[in-house]
Amino acid sequence: MASRSTIHRLMNAARHVACPCHACNSSTTAAAGSAIGTMMFNARHMTAQPKTQDKEYAFEIAAANLRFGEGVTREVGMDFANMKARKVGVFTDPNVEKLLPMKMARESLDASGISYEVFNTVAVEPTDASWNEAITWARKHDFSHFLAVGGGSVMDTAKAANLFTVYKDSDLFDFINAPVGKGLPITEKLRPLIAVPTTAGTGSETTGTAILDIPSRNFKTGIANRALKPMLGIVDTLNTDSCPTAVHISAGLDVLFHSMESYTAIPYYERTPRPSNPKLRPAYQGSNPISDVFSLWALRETVKYLPRIAKDKHDKEAQRQMLLAASFAGIGFGNGGVHLCHAASYPISGLNKTGPKYKHPGYVIDKPIIPHGISVALTGPAVFKFTAPSAPDRHRLALSIFSGLPESDPSIARLPNHEVGKRLYDEIARFLDGLGVPRGLKAVGYNKGDVQRLVEGTLPQRRVLDLAPGIGDVAGEDGAEHLAMIMEDSLEY
């Protein structure tokens, strides 16, 4: 039987699809309808309601095709042959270049007689400079198709190269999300891209999102548009065998918070403004009944299997399930969106290069790095303590998953709504402890004096902040005060 919260949200969704479409707006409907209908609406709500005609009323689901199995990387050459590819631009990084995933990809391309060039210097945690280097290289070759073999950094760099191969005269900031960039719509058809992930984390093989660091601004941002999404994601269970444990954990934390944030984002029908044209509907739309299914499944699998990977990175069942969870979460957040943990992670990671200069153990890299999954997790306990009052039943379900207890357990079911957030804070903190995650911002070198700069670096992330309960659904709220509280609550736990 569906839970009360599920029924309530479906009723809400139904109420918000009462024909407020572009062709049949509320004023037209009112003119055509009867005064009795209006009286009934007002009576039902017992009080004058604010106009909701600018709120969203629809959601869309988009995701790449996925192929899952052991050794399926060996099929990629045939895929490009089937598409009659003229020349393929292959993107990877210096580490993956030496490993089995690239070996299989090269052999498959050669066996199918595919012409290709390899860009093997993709930067881990890419910047605007590294993107521009890749874009310049891709433009010189005018590839007909693209292949990405690597983690999120590689897949996102390939997406950018694809975009700017088509938009030859555009500047990087033309498409970077507003207000950092212009956030222009992508109206031209991009070249086919196949993505082969080598980590179980970003879910970039399913999404139209690409993230980069802008060192001059001390934060990360990105481009989010459905046009960027790969036409095929090849999820090969052999491809995470070579991942160090630290990379498994960080990537898995990204899956964890993709699913948590998507599931607890404001409902799609509370997002404003409603797009004036369907082509302007954002990729990140708010929680919705379809994203919820994928996000919840990914959350359950990650809570179960990520601790197993941390103990034994060669655990085959855990590897397989985490790869699936990453793709499921990608479908969930790729349409529902993320919010506060990801918004805060961008300055946490960006400021580290000039501030604390923390270098996370287990990463083979010669520069300071707070890996993306770690930077997202650092505010996790405080974020969900803050968002819990917005949807107690959703957070109660998350609490039951983290605690390993059914929702019907008295310690979960009878917990007062106002105590759900604090309990969830404790359970998330316990889970992160078990993975060896640094215990808050102080553990990576930040202190209370850095809070204001971290808040200032988070505020431009409107693409995701506007999906945050308590911020995105409150008129005129920029979130600065709440963000400062969350940052301070995340200094240590």
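Okay, let's start with Glu 125: it's buried, at 12% relative accessible area. Before I go on, keep in mind that this is a predicted model. Glu 125 sits in the loop between strand S3, 116-119, and helix H6, 128-141. Its phi is near 55°, so a positive value, and this is a residue other than glycine.

Follow the chain to the other side of H6 and you get to Asp 142, in the loop between H6 and strand S4, 145-150. Asp 142 is another non-glycine residue with positive phi, near 50°. Is Asp 142 buried or partly exposed? Partly exposed, at 30% relative accessibility, whereas Glu 125 falls under the 20% cut-off for buried.

While we're on backbone geometry, let's do the cis peptides. Going from Ala 178 to Pro 179, the peptide bond is cis, with omega near 5°. Pro 179 is in the loop between helix H8, 172-175, and strand S5, 193-197. Then there's Thr 272 to Pro 273, also joined by a cis bond, with omega about -5°. Pro 273 belongs to the loop between H9 and H10.

Now, two loop residues with polar side chains. Take Asn 239, in the loop between strand S8, 232-236, and helix H9, 245-264. What does the side chain of Asn 239 make a polar contact with? The side chain of Thr 73, at 3.0 Å. Asn 239 is buried, at 1% relative accessible area. If you skip the neighbours within four places in sequence, its contacts are Thr 73, Pro 101, Met 104, Val 196, Pro 197 and Thr 198.

The other one is His 339, in the loop between helix H11, 316-336, and helix H12, 340-352. How much relative accessible area does His 339 have? 0%, so it counts as buried. Its side chain has a polar contact of 2.9 Å with the side chain of Thr 264. Again setting aside the neighbours within four places, the contacts of His 339 include Glu 261, Thr 264 and Ala 265, then Val 383, Phe 384 and Thr 387, and also Val 464, Leu 467, Ala 468 and Pro 469.

On to cavities. How many of 30 Å³ or more does the structure hold? Three. The largest has a volume of about 50 Å³. Its lining includes Thr 199, Ala 200, Leu 306, Ile 309 and Met 322. H9 and helix H10, 289-311, are the elements giving two or more residues to that lining, and H9 has the largest share, with four residues. By class you get seven nonpolar, three polar and no charged residues.

The second largest cavity also comes out at about 50 Å³. Its lining reads Ala 62, Thr 206, Thr 207, Gly 208, Arg 226, Lys 229, Ala 283, Gly 334 and Asn 335. Here the classes are two nonpolar, five polar and two charged residues.

Last item, cysteines. Cys 243 is one of the residues lining the largest cavity, and it counts as buried, at 7% relative accessibility. Cys 341 is buried as well, at 0%. As for disulfides, the count is zero.

That's my tour; let's open the structure and talk.

Notes. Residues numbered from 1 in each chain as written. Predicted model: local features only at pLDDT ≥ 70, side-chain atom pairs only at ≥ 80, totals over all residues. Heavy atoms only, no water. Buried < 20%, exposed > 50% of the residue type's maximum accessible area, 1.4 Å probe, protein only. Polar contact = N/O pair within 3.5 Å; in protein donor to acceptor, adjacent residues only side chain to side chain. Contact = heavy atoms within 4.5 Å. 1 Å grid on protein atoms, 1.4 Å probe; cavity = no way out; pocket = protein on both sides within 12 Å on 5 of 7 lines; lining within 4 Å. Points joined across faces, edges and corners; volume = space filled by probe spheres on them. Nonpolar A, V, L, I, M, F, W, Y, C, P; charged D, E, K, R; others polar. Disulfide = S-S within 2.5 Å.
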